[in-house]
Amino acid sequence: MPTVEFTPNLARQTTTRTCQVEGSTVAEALRAVFARLPALRGYVLDDQGAVRMHVVIFVDGVTIRDRKLLSDAVRPESEIFVMQALSGG
C-alpha cells in the first residue's frame, strides 16, 4: 500500500502524520486519505479538486506532473509526500 506523509504543519490538522492507503494514482490515494481525514482536503486541494498553489506533492521524491487531475501513477511501495510551500520575505 502506498504511504502518504504530510509535513508537520499539515499534520496538525489531523490525528496522524502518515497514512497507508490503497490507490494506483495520486488522486485515488488522496481520496482514501480524505475519506479518513476529511478536514485535511481543503488544505491540500482547491474547490475544483486541483492541488492548491502553495502545496507540493512528491511521489517517490519526484514532483507530480498533473496538479489538476492528480493522475500520476503510484505503486504499492510508493511514498507520497505532501507539503505546503512557505512564502514571504
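## A salt-bridge network, paired strands and a nonpolar core

The side chains of R75 and D60 come together in a salt bridge, with 2.9 Å from N to O. This pair ties together distant parts of the chain, since R75 lies in the loop between β4 (62-63) and β5 (79-84), whereas D60 lies in the loop between β3 (55-59) and β4, and the two are 15 residues apart. The model in which this pair is found is a predicted one, and the distances given here should be read with that in mind.

A search of the whole structure finds 2 salt bridges, and R75 takes part in the other as well, where its side chain meets that of E77 at 3.4 Å, again from N to O. Are the residues concerned buried or exposed? E77 counts as exposed, at 51% relative accessibility, while R75 is partly exposed, with a relative accessible area of 45%, and D60 also counts as partly exposed, at 35%. Through the partners that these salt bridges share, D60, R75 and E77 are joined into one network. As a general matter, side chains of opposite charge can pair when their charged atoms come close.

To place this network in the fold, it helps to follow the chain from its N terminus, where the elements run in the order β-α-β-α-α-β-β-β, giving 3 helices and 5 strands. D60 belongs to the hairpin of β3 and β4, which has 2 residues between the strands, and in that hairpin D60 takes a positive phi near 50 degrees. The strands β3 and β4 themselves pair in the antiparallel sense over 2 bridges, and F58 of β3 has T63 as its bridge partner in β4. β3 is also joined to β5, with which it runs antiparallel, by 5 bridges, and here the bridge partner of I57 is V82.

Which residues of β3 are buried, and which are not? V55, I57 and V59 point to one face and are buried, whereas V56 and F58 point to the other face and are not. The general pattern is that in a regular strand the side chains alternate between the two faces of the sheet.

I57 and V82, the bridge partners just described, reappear in the largest nonpolar core, which has 23 residues and in which V4, V33, V44, I57 and V82 touch the most other members. At least two residues of this core come from each of β1 (3-6), α2, β3 and β5, and α2 gives the most, with 6 residues.

The start of α2 brings in a further set of contacts. T25 sits in the loop between β2 (18-20) and α2 (26-36), and its side chain reaches the backbone nitrogen of E28 at 3.1 Å. Once its neighbours within four places in sequence are left aside, T25 is in contact with L70, S71, D72, A73 and V74.

Taken over the whole chain, residues 24 or more positions apart account for 46% of the contacts with a separation of 6 or more. Of the 89 residues of the chain, 40% count as buried, and the accessible surface comes to about 5,400 Å², of which 53% belongs to carbon and sulfur atoms.

Key: Residues are numbered from 1 along each chain as its sequence is written. This is a predicted model: local features need pLDDT of at least 70, side-chain atom pairs count only at pLDDT 80 or more; totals for chains, interfaces and linings use all residues. Side-chain values use heavy atoms; hydrogens and water are left out. Helices (H or I, at least four residues) and strands (E, at least two) are DSSP runs, numbered from the N terminus. Buried means under 20% relative accessible area, exposed over 50%, partly exposed in between (1.4 Å probe, protein chains only). Contact means heavy atoms within 4.5 Å. Accessible areas come from the Shrake-Rupley method with a 1.4 Å probe; for residues, only the protein chains shown count as cover. A polar contact is a pair of N or O atoms within 3.5 Å; within protein, one must be able to donate a hydrogen and the other to accept it, and residues adjacent in sequence count only if both atoms are side-chain atoms. A salt bridge is a side-chain nitrogen of Lys or Arg within 4 Å of a carboxyl oxygen of Asp or Glu. Two strands pair if DSSP finds at least two bridges between them. A nonpolar core is a set of buried Ala, Val, Leu, Ile, Met, Phe, Trp, Tyr and Cys residues joined through side-chain atoms within 4.5 Å.
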